[in-house]
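Student: Could you take me on a close look at one part of this structure, starting from a single residue and working outward? I am new to it, so please go step by step.

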Amino acid sequence: MAKDMKTTQPWNTTDIPDQTGRTAVVTGANSGLGLATVEALARAGAHVVLAVRDPRRGEAAAAAVPGSVEVRRLDLADLSSVREFAAGWRGDLDLLINNAGVMNVPEARTKDGFETQFGTNHLGHFALTNLLLPHITDRVVVLSSGAHRMPGSPRIRFDNLDLTGEYAPMAAYSQSKLANLLFTLELQRRLGEAGSPVRALAAHPGWAATNLQGHDASLLRRLFMRLGNRLVAQDGRAGALPTLYAAVRDLPGASYVGPDGLFEMRGAPTLVGRSPAASDPAAALRLWTVSEELTGVTFPEPALASSGPTS
């Protein structure tokens, strides 16, 4: 009886296999889902790098994490910072978790002139991933959102990526999260074509109570989300479970992990479906091409091919 009960328990951080000897980078790691991800991986034995915009806040967060951690500066809204972070990397990197993001913020631009949500959530991580790929040995996990399905913005606006003249915070966020899934799809295709053993996966947390919602451009939405955080949301540790599941389970490349509950709002991590727009290989390839043009960063195919498995 006890054995049967144990086999039906939802997957949790206690199910993470030993991570001793492995190194992980988690972006946006000084609070919320990122910090919960860092804590779980470090507790399992990994050496975890907190890649954060504000090193002082990062050090304060790291001080409370048991295990092997360090803090490095990374501003995903500044491609020079992304390049500096990647140029300073030495040795292997087992796991890159692209967790950082902004949500429903007022219209603004990154240092390089991109719309803030698209520039931070997608282009910054696109550049970081490709620059670090020659070092990555296991997988990349990209944090998306159920918001990629938002009605009214089902596809990437290639004719107006910055939504100039028609900016709406939620539409911009939805586009950036759709871009995360298309990026993962095309990245996995390229990795497979290059003969690389590295896998690209995506995850979403459902509705998790973090400080992300507190920066919404709308006061009404902030109040609604505050109420939802109390009544509906999971806490940050539960919200991080899909990311951790994607990071350590033996899953196929391009898998998408989210909660198993109603509307994928909360629950145990499981494989979930993408929208048709997030499954479009032509759109994924077009987005990749545009992202290379905007960032000046390309896929390091020769390096990956040379480091792939040999017969």
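**A close look at helix H9 and its surroundings**

Tutor: Let's begin with alanine 246, which is buried, its relative accessible area being 0%. Buried here means under 20%, so a value of 0% puts alanine 246 in that class. Please keep in mind that this is a predicted model. Alanine 246 belongs to helix H9, which runs over residues 241–248.

What does alanine 246 touch, once residues up to four places away in sequence are not counted? Its partners are Arg139, Val141, Leu201, Ala202, Ala203, Leu251 and Val257. You can also follow the chain to valine 140, 106 residues apart from alanine 246, and find that the two C-alpha atoms are separated by 9.1 Å.

Now stay in helix H9 and look at threonine 243, also found there. Threonine 243 is buried as well, at a relative accessible area of 4%. Leaving out residues up to four places away in sequence, threonine 243 touches Thr37, Ile97, Val141, Leu143 and Ala203. Val141 and Ala203 appear in the contact lists of both alanine 246 and threonine 243. As for the general geometry, an α-helix has 3.6 residues a turn, so residues three or four places apart point the same way.

From these contacts we can step to the strands. Strand S5 covers residues 136–143 and strand S6 covers 199–203. Val141 in the contact list of alanine 246 falls within the S5 range, and Leu201 within that of S6.

Strand S5 also holds aspartate 138, and here a charged pair comes into view: arginine 22 sits in the loop between helix H1 (2–7) and strand S1 (23–27), so the pair ties together parts that are 116 residues apart in sequence. The side chains of arginine 22 and aspartate 138 form a salt bridge, with N and O 2.8 Å apart. Aspartate 138 is buried, with a relative accessible area of 13%. The pair belongs to a network of salt bridges that links Arg22, Asp138, Arg139, Arg199 and Asp250. Arg139, which we met as a contact of alanine 246, is a member of that network too. In the structure there are 14 salt bridges. Side chains of opposite charge can pair when their charged atoms come close.

Next, the nonpolar cores. The largest one has 50 residues, and Phe85, Leu132 and Leu187 have the most contacts inside it. At least two residues of this core come from each of several elements, including strand S5, strand S6, helix H5 (116–132) and helix H6 (169–193). Helix H6 gives the most to this core, with seven residues. Apart from this core lies another, of 36 residues, which includes Ala24, Leu50, Leu251 and Val257. Leu251 and Val257 may sound familiar, since alanine 246 touches both.

Leucine 132, one of the residues with the most contacts in the largest core, is in contact with Phe85, Ala86, Trp89, Leu93 and Leu96, leaving aside neighbours within four places in sequence.

Helix H6 is worth a pause. It has 25 residues and spans 36 Å from its first C-alpha to its last, close to the 36 Å expected at 1.5 Å a residue. Of its 25 residues, 20 are buried, so helix H6 is largely enclosed by the rest of the structure. Inside helix H6, glutamate 186 forms a salt bridge with arginine 189, their closest N and O atoms being 2.6 Å apart. The two are three residues apart in the helix, so about one helical turn separates them. Are the partners buried or exposed? Glutamate 186 is buried at 2% relative accessible area, whereas arginine 189 is partly exposed at 37%. After helix H6 comes glycine 195, whose phi is positive, near 75 degrees.

For contrast, let's visit the surface. Leu262, Phe263 and Met265 make a nonpolar surface patch of about 360 Å². Phenylalanine 263 lies in the loop between strands S7 (256–259) and S8 (269–271), and with a relative accessible area of 68% it is exposed.

Finally, step back to the whole protein. It has 11 helices and eight strands, and 55% of its 311 residues count as buried. Among contacts between residues at least 6 apart in sequence, 72% join residues at least 24 apart.

Technical notes:
Residues numbered from 1 in each chain as written. Predicted model: local features only at pLDDT ≥ 70, side-chain atom pairs only at ≥ 80, totals over all residues. Heavy atoms only, no water. Patch = residues over 30% accessible without salt bridge, like charges linked within 9 Å, V, L, I, M, F, W, Y side chains within 5 Å. Areas by Shrake-Rupley, 256 points an atom, 1.4 Å probe, with all protein chains shown as cover. Salt bridge = Lys/Arg side-chain N within 4 Å of Asp/Glu carboxyl O. Helix = DSSP H or I, 4+ residues; strand = E, 2+ residues; numbered from the N terminus. Buried < 20%, exposed > 50% of the residue type's maximum accessible area, 1.4 Å probe, protein only. Core = buried A, V, L, I, M, F, W, Y, C linked by side-chain atoms within 4.5 Å. Contact = heavy atoms within 4.5 Å. Expected span 1.5 Å × (residues − 1).
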